[in-house]
Amino acid sequence: MKGFLKTVLAVIVGGIILGLVTFSFSIAALIGIAASAETRQPVEKGSVLRISLNGTLQEQYEEDPLASLTGDVANESMGLDQLLSAIYEAKKNDKIKGIYLEGGSLETTPAMAQELRQALKSFKDGKKFIYAHADQYSGLAYYVCSVADELTVNPIGGVDWHGLASTPMFFKDVMDKLGVKAQVFKVGTYKSAVEPYTSTQMSEANREQVTAFLGSIWNQMLTEVSQSRKVDAETLNAVADSFPMLHPTRKSQEWKLVDGLAYTDQAKAKLQKLLKLKKDEKIKFVSPKDLVAAITPSTEKNQVAVYYAWGDIVTEPAQNLLTGGAGHSIVGGTVANDLRKLREDENVKAVVLRVNSGGGSVFASEEIWREMVLLRKAKPVVVSMGGMAASGGYYISAPANKIYAEPTTLTGSIGVFGIIPDASKLLTEKIGLKFDLVKTNRHADFGSMGRAMNESEQALMQRNVEETYTQFIRRVVDGRKLPEAKVRQIAEGRVWTGEQAKQLGLVDQLGSLQDAVKDAAKLAKIKKYSTAGYPKALPWYMEMLNKQKEGYMESKLRQVMGENYEAVSALSVLNSQDRIQARIPFLPNIR
């Protein structure tokens, strides 16, 4: 027996040692990967900044050393922050002669595409070129690339220029079949985030607001493309009705959407001509990542901090992929703590809060709001709105000294709702569970899974939602210095574009993140300053491990569930979110 125990112990100890050695080698390998990924190519004279507009564009770039090492750049995230920095650096860097835009299928919000386009437009103020080429242009990719001096497309490719649409998904019938009912409490005629759970189609109020803001965004796109392409906006709109993707590619040239048809090798030959290179000379491409890495850090101590707040506003990070665990989020307590640190940092003279959020938890929004109020008392704070800064996203923006938005930003949606799922029919009738009860107080079993809410509880919930709405109104009145009557008139949960919000007084200026940074420095009365992005990125190994885990799990879930993934994901949100929400309607499927 003693020999047996020794053997078992030896095996256990050996396994532990082997595990430690394997772990050590794994860490060493990962460090090697990171070191390889961190190697940057020097920027040579006569270089061209190559920007690929294919994939999802998010607010911040997230390093993926493994993708860099394997060359799997297609799966690397595109960060608007990195692209903007690269474009502004390319404009002033004498080694950069132009920009090559590779069009494709760009997934982002119209406002983020608009900000990217404006940066490219400012690049053209110099004596440098922008050339765009693609096998196919998606609508937003074409919108961005239309600013180029010349556009070409593959002879058998196309331009997907067909307008905008919003197609929300409704789950009421699915929930009815399951025996689940959404118990809804809301304030605001236009607060339609609850509609997918209570209806099978859009309400007239929701249809009115979506029609209005889609029209505003589309008119912005038509106007800007018209100015760049020297084509009448009405003609561009008529072309969209013709659906260019379903016509021979030459029609896109005839309609002046593009300047010519070219294969990739012919596009490269065009670049060589622009650079005055011989046929056998290679084009010196530089990536946004390498160009940004080559920027000499500023030694100026006076700093304008840019804090990125993007994603759903939550009280704590989600742990389940089906409730948003794979996405980026704004965690109330974490963001409030970060803003406090910026408030207490003597080197930080002003803060720009970059908001890209459709809202979420009212409690988390209130946490951030409080710190924004304290921050404004200590130093200037300016908000720059990205693709969305609505509902809870507007809640946290209201205290700022100034608010900037893009004309196509979705904002406003000043309203509140609560949803509590009633699964009693599913549990008692369909599954056959039985529940009994003993309680000490009237509402001790509030939220019980075995029954729906009674009239008294419903009245309490509705009153709570109405009180929260009044608080939201007060936050806007105090922050924007607007009459309460006016705020109530433009609230009601209605979504506005930045262009509309400027006219209503909900935002101060239409402009970019760069404009907001300049204004923040001006408010702080500093002429020389550096900028820094916050929160700081996680260590590379944490980012990589999280990405690999989330990407694998999500891909498997999507593979197994197919088209049902989105529906189940949305239903899962019902049981995971805070009871009171300030959230924009479901609008991520604008295309």
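The overall make-up of a predicted model is described here, followed by two sets of paired strands and one pair of packed helices.

The protein contains 22 helices and 23 strands. Of its 591 residues, 49% are buried. Contacts between residues at least 6 apart in sequence were also examined. Of these, 76% join residues at least 24 apart.

Strand β11 spans residues 303–310 and is mostly covered. Eight of its eight residues are buried. The side chains divide between two directions. Gln303, Ala305, Tyr307 and Ala309 point one way. Val304, Val306, Tyr308 and Trp310 point the other way. Both groups are buried.

Two strands are found paired with β11. One of them is β14, residues 348–357, which pairs with β11 in the parallel sense. Eight bridges make up this pairing. Within it, Val306 has Val352 of β14 as its bridge partner. The pairing of β11 with β22, residues 530–534, is likewise in the parallel sense. Here the bridges number five. Ala305 of β11 stands opposite Ala532 in β22. Ala305 and Val306 thus mark two points of pairing, with β22 and with β14 respectively. Both residues are buried, and they point in opposite directions from the strand.

A separate description applies to β2, β3 and β5. These three strands form an open sheet in the order β3-β2-β5, with parallel pairing. The edges are held by β3 (78–79) and β5 (106–107), each of which pairs on one side only. Strand β2 covers residues 55–58 and runs parallel to β3. Two bridges join β2 to β3. Across this pairing, Leu57 stands opposite Met78 in β3.

Helix packing was examined for α14 and α17. Two packed helices are described by the angle between their axes and the distance between the axes. Helix α14 comprises residues 362–378, and helix α17 comprises residues 455–480. They pack at an angle of about 20 degrees. Their axes lie 12 Å apart. Angles under 35 degrees count as roughly parallel. The two helices are therefore roughly parallel to each other. Their crossing is left-handed.

The contact draws on residues from both helices. Helix α14 contributes Val362, Glu366, Trp369 and Arg376. Helix α17 contributes Thr468, Gln471, Arg475 and Gly479. By character, the contact residues comprise two nonpolar, three polar and three charged.

Terms used. Residues numbered from 1 in each chain as written. Predicted model: local features only at pLDDT ≥ 70, side-chain atom pairs only at ≥ 80, totals over all residues. Heavy atoms only, no water. Pairing = 2+ DSSP bridges. Helix = DSSP H or I, 4+ residues; strand = E, 2+ residues; numbered from the N terminus. Axes fitted to C-alpha atoms, helices over the stretch in contact; angles between N-to-C directions. Parallel < 35°, antiparallel > 145°, perpendicular 65-115°, else oblique. Left-handed = near helix turned anticlockwise from the far one by under 90°. Contact = heavy atoms within 4.5 Å. Nonpolar A, V, L, I, M, F, W, Y, C, P; charged D, E, K, R; others polar. Buried < 20%, exposed > 50% of the residue type's maximum accessible area, 1.4 Å probe, protein only.
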